[in-house]
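Hi everyone, thanks for coming. I'd like to walk you through one structure today, so please have a look at the screen while I talk.

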Amino acid sequence: MSSNKETFGKTVGFVFAVCIACAALVSVSAVSLKPLQQANKLLDQQTKILETAGLLKDGMSSKEIVALYNEKVEARMIDLDSGKFIEGDPTQFDERRNSRDVTKSEKPANDIAGIIRRSHDAVVYLVRNEANQIDTVVFPVVGAGLWDLMFGYVGLEADLNTVKSVVYSDHKETPGLGAEVMNPKWKAQWPGKKIYNADGTPVVQLVKGGAKADDIYGVDGLSGATLTSVGVTNTLHFWFGDEGYKPFITANRGGLN
């Protein structure tokens with residue numbers, strides 16, 4: 001009897017020891033891989049920003065991407081309510097984290113983007129040309145799609161109205177339907193479109209059935225993905241409206257230095 005108890009005790013002890021060892025291994029791996037994961041996340045972000053600014057070229061290495069980003073792009077913190085630049089480290093800013101913190105975010109009065117809460121602050125990316133003049137400003141955006149929030153970037157030319165590009169970076173939309181936001185043919189429709197009408201109202205939209213050739217505010221809706229299309233339109237209207245980047249855009253229409 002005692003022999004069976006000893007055998008059982010040894011088995012339990014062995015299993016426990018293995019569990020502890022595995023847990024320690026996983027913990028060490030997670031800690032050691034974290035810097036690499038953060039570096040990859042930063043590289044992906046820089047790649048998307050360069051693409052949005054029209055600077056990304058096929059076949060660029062990671063070193064070339066980082067070098068070009070550091071040369072051409074300046075990240076600046078802004079207060080969304082006032083539209084003014086503020087002090088802060090853009091590399092430490094996390095919109096997703098802030099939106100979960102009630103001390104750093106607020107509920108939008110008109111949450112057409114379906115984000116629930118909006119960070120008090122944001123980061124904008126100022127992109128300079130060869131003459132060292134700001135010719136593109138990249139604005140991060142987030143809004144509800146069919147299944148979950150969709151994260152992306154909108155690049156505007158120096159007039160802060162003409163679209164240079166719209167690039168989505170993170171979404172869970174259906175392949176072949178809502179996921180067509182990643183399709184180069186769809187993205188190619190954006191350059192030259194206008195965000196605001198003459199009254200300063202954001203009216204850019206995805207048009208069900210297709211936009212007319214002379215529609216400076218319209219882009220073809222996503223076929224078979226009405227809710228995703230509506231989500232993209234609502235996202236743009238929110239973020240370029242009064243509770244988004246409009247105060248910043250209004251304050252800087254005369255030009256950014």
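I'll go through the sheet, then the helices packed on it, then some aromatic rings, and finish with one arginine.

One thing to keep in mind: what you see is a predicted model.

Let's start with the sheet. It is open, it has 5 strands in the order 1-4-5-6-7, and the pairing is antiparallel. Which strands stand at the edges? They are strand 1, residues 73–79, and strand 7, residues 163–170. Each has a single partner strand, so one side of each is left without a neighbour in the sheet. From one strand to the next, the twist averages 25°.

Now look at strand 4, residues 121–128. How many of its 8 residues are buried? The number is 7, so strand 4 is mostly covered. Strand 4 pairs with strand 1 over 7 bridges, in the antiparallel sense. If you want to find that pairing on the screen, Val73 stands opposite Val127, and Asp79 has Asp121 as its bridge partner.

Strand 4 also runs antiparallel to strand 5, and 4 bridges join the two. One pair to look for here is Leu126 with its bridge partner Val137 in strand 5. Strands 4 and 5 form a hairpin with 5 residues between them. For those of you who like backbone torsions, Asn132 in that turn has a positive phi of about 65°.

On to the helices. Helix 2, residues 62–72, packs on the sheet and touches strand 1 and strand 4. The direction of helix 2 makes about 55° with that of strand 1. Helix 5, residues 226–239, also packs on the sheet, touching strand 5, strand 6 and strand 7. Its direction makes about 125° with that of strand 5.

Let me stay with helix 5 for a moment. This helix has 14 residues and reaches 20 Å from its first C-alpha to its last, close to the 20 Å expected at 1.5 Å a residue. Its buried residues include Val232, Leu236, Phe238 and Trp239. What covers the buried residues of helix 5? The cover includes strands 3, 5, 6, 7 and 8, together with helix 6, residues 246–251.

The end of helix 5 brings us to the aromatic rings. The structure holds 9 aromatic pairs. In one of them, the ring centres of Phe238 and Trp239 are 5.2 Å apart and the planes are at 90°, so the pair is edge-to-face. Phe238 counts as buried, at 3% relative accessibility, and Trp239 is buried too, also at 3%. Trp239 pairs with Tyr245 as well: their centres are 5.5 Å apart and the planes at 35°, so this pair is tilted. Tyr245 is buried, with a relative accessible area of 2%. These three residues belong to one aromatic cluster, along with Phe85, Phe139, Phe240 and Phe248.

Finally, the arginine. Arg100 is in the loop between helix 3 and strand 2. Is it buried or exposed? Arg100 counts as exposed, because its relative accessibility is 64% and the cut-off for exposed is over 50%. A polar atom of the Arg100 side chain lies 3.3 Å from the backbone oxygen of Arg96. Arg100 is also 18 residues from Arg118 in sequence, with the C-alpha atoms 8.8 Å apart in space.

That's my tour, and I'm happy to take questions.

How values were computed. Residues are numbered from 1 along each chain as its sequence is written. This is a predicted model: local features need pLDDT of at least 70, side-chain atom pairs count only at pLDDT 80 or more; totals for chains, interfaces and linings use all residues. Side-chain values use heavy atoms; hydrogens and water are left out. Two strands pair if DSSP finds at least two bridges between them. Helices (H or I, at least four residues) and strands (E, at least two) are DSSP runs, numbered from the N terminus. Axes are lines fitted to C-alpha atoms, for helices over the stretch in contact, and angles run from 0 to 180 degrees between N-to-C directions. Contact means heavy atoms within 4.5 Å. The expected span of a helix is 1.5 Å times one less than its number of residues. Buried means under 20% relative accessible area, exposed over 50%, partly exposed in between (1.4 Å probe, protein chains only). A polar contact is a pair of N or O atoms within 3.5 Å; within protein, one must be able to donate a hydrogen and the other to accept it, and residues adjacent in sequence count only if both atoms are side-chain atoms. Rings of Phe, Tyr and Trp (its six-membered ring) pair if their centres lie within 6.5 Å; planes under 30 degrees apart count as stacked, over 60 as edge-to-face and the rest as tilted.
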